[in-house]
Amino acid sequence: MTWRLRNAVPADLDDIMWLERASFPTDAWSSAQMAAELHSPYGFYVIAEQVDDETVPTVIGYAGIASLPADTVADVQTIAVDAARRGSGIGRALFQALLDEARRRAVREVFLEVRADNPVAQHMYERFGFEAIATRPRYYQPDGVDAIVMRRTTPTAEEESSDGHR
Ligand SMILES: CC(C)(COP(=O)(O)OP(=O)(O)OC[C@H]1O[C@@H](n2cnc3c(N)ncnc32)[C@H](O)[C@@H]1OP(=O)(O)O)[C@@H](O)C(=O)NCCC(=O)NCCS
């Protein structure tokens with residue numbers, strides 16, 4: 001499988017929503033919410049698309065981050081990869097693209113929330129240097145699952161190159 005990353009555009013909405021509903025069966029965002037994300041001047045969304053010969057590119061993952069102008073804090077909005085293509089580095093590449101954007105924006109801290117029952121995503125965030133700093137009880141409804149709030153202080157370029165993902 002050959003895939004690549006590109007910046008998302010509003011025309012990607014339907015493809016993203018298909019993945020969104022499949023990836024978050026009980027708490028998917030609405031199409032209107034996602035459209036607002038894709039149009040927001042404060043957001044940055046990236047797409048992974050499969051590009052095999054003789055086929056139209058297929059969206060197989062997406063991720064987004066947002067920060068207000070001149071703010072030193074950014075929030076990871078979402079990330080998902082098509083279930084059939086997980087475990088092959090696509091999520092890592094998408095997430096790295098978000099952190100690269102945070103660096104371009106001179107963000108010093110990146111925050112995210114992750115379900116307490118999602119060890120795969122938690123593991124990925126820890127691998128990128130995020131640390132759990134708080135719990136929001138029953139944050140995810142209707143499931144009543146806690147959110148773990150995670151934070152990463154943006155390392156310098158030197159720190160990042162000398163310490164694996166970081
Ligand atoms: C989380 C998600 C985006 C990861 O995407 P992916 O393409 O499978 O991830 P990758 O193959 O790039 O792996 C990235 C990291 O995820 C973690 N990971 C992936 N599969 C894992 C598994 N089966 N068990 C534990 N950790 C796993 C690892 O830390 C891995 O990095 P490493 O191999 O360097 O340690 C994907 O599982 C997904 O879409 N899940 C459903 C949606 C979701 O939960 N989104 C997060 C919301 S907070």
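## Helices, sheet and rings

Helix α1 passes helix α2 in a right-handed crossing. The model behind this report is predicted.

### Two helices

Two packed helices are described by the angle between their axes and the distance between the axes. Here α1 covers residues 13-23, and α2 covers residues 31-39. They pack at an angle of about 125°, and their axes are 10 Å apart. An angle of 115 to 145 degrees falls in the oblique class, so α1 and α2 are oblique to each other.

Which residues of α1 meet α2? They are Leu13, Ile16, Met17, Glu20 and Arg21. On the α2 side, the partners are Ser31, Met34, Ala35 and Leu38. Sorted by class, this contact has six nonpolar, one polar and two charged residues.

### The sheet

Strands of a sheet pair through backbone hydrogen bonds, either parallel or antiparallel. In this model, seven strands form an open sheet with mixed pairing. The order across the sheet is β1-β2-β3-β4-β5-β7-β6. Which strands are at the edges? They are β1 (3-7) and β6 (131-140), and each pairs on one side only. On average, neighbouring strands of the sheet are turned by 25° against each other, direction ignored.

Helix α1 also has a place against this sheet. It lies across β2, β3 and β4, and runs at about 85° to β3.

The table follows three pairings in the order β2 to β5.

| Strands | Sense | Bridges |
|---|---|---|
| β2 (43-50) and β3 (58-66) | antiparallel | eight |
| β3 and β4 | antiparallel | six |
| β4 and β5 (109-115) | parallel | three |

Individual residues can be traced across these strands. Start at Gly43, whose bridge partner in β3 is Ala66. Ala66 in turn has Asp75 as its bridge partner in β4. Asp75 then stands opposite Phe111 in β5.

### Two loops

The hairpin of β3 and β4 has six residues between the strands. Ala70 lies in this loop. What is the phi of Ala70? It is near 65°, a positive value in a residue other than glycine.

Another loop lies between β6 and β7 (145-153), and Pro142 is found there. The peptide bond from Gln141 to Pro142 is cis, with omega near 15°.

### Aromatic rings

How many aromatic pairs does a search of the whole structure find? It finds five. A pair of aromatic rings is described by the distance of the centres and the angle of the planes. Take Phe95 and Phe128. Their ring centres are 5.1 Å apart, and their planes meet at 65°. Planes over 60 degrees apart count as edge-to-face, so the pair of Phe95 and Phe128 is edge-to-face.

This pair links distant parts of the chain, with the two positions 33 residues apart in numbering. Phe95 sits in helix α3 (residues 90-104). Phe128 sits in the loop between α4 (119-127) and β6, and β6 is one of the edge strands of the sheet.

Definitions and conventions. Residues are numbered from 1 along each chain as its sequence is written. This is a predicted model: local features need pLDDT of at least 70, side-chain atom pairs count only at pLDDT 80 or more; totals for chains, interfaces and linings use all residues. Side-chain values use heavy atoms; hydrogens and water are left out. Two strands pair if DSSP finds at least two bridges between them. Helices (H or I, at least four residues) and strands (E, at least two) are DSSP runs, numbered from the N terminus. Axes are lines fitted to C-alpha atoms, for helices over the stretch in contact, and angles run from 0 to 180 degrees between N-to-C directions. Contact means heavy atoms within 4.5 Å. Angles under 35 degrees count as roughly parallel, over 145 as roughly antiparallel, 65 to 115 as roughly perpendicular and the rest as oblique. A crossing is left-handed if the near helix is turned anticlockwise from the far one by less than a right angle, and right-handed if clockwise. Ala, Val, Leu, Ile, Met, Phe, Trp, Tyr, Cys and Pro count as nonpolar, Asp, Glu, Lys and Arg as charged, and the others, Gly among them, as polar. Rings of Phe, Tyr and Trp (its six-membered ring) pair if their centres lie within 6.5 Å; planes under 30 degrees apart count as stacked, over 60 as edge-to-face and the rest as tilted.
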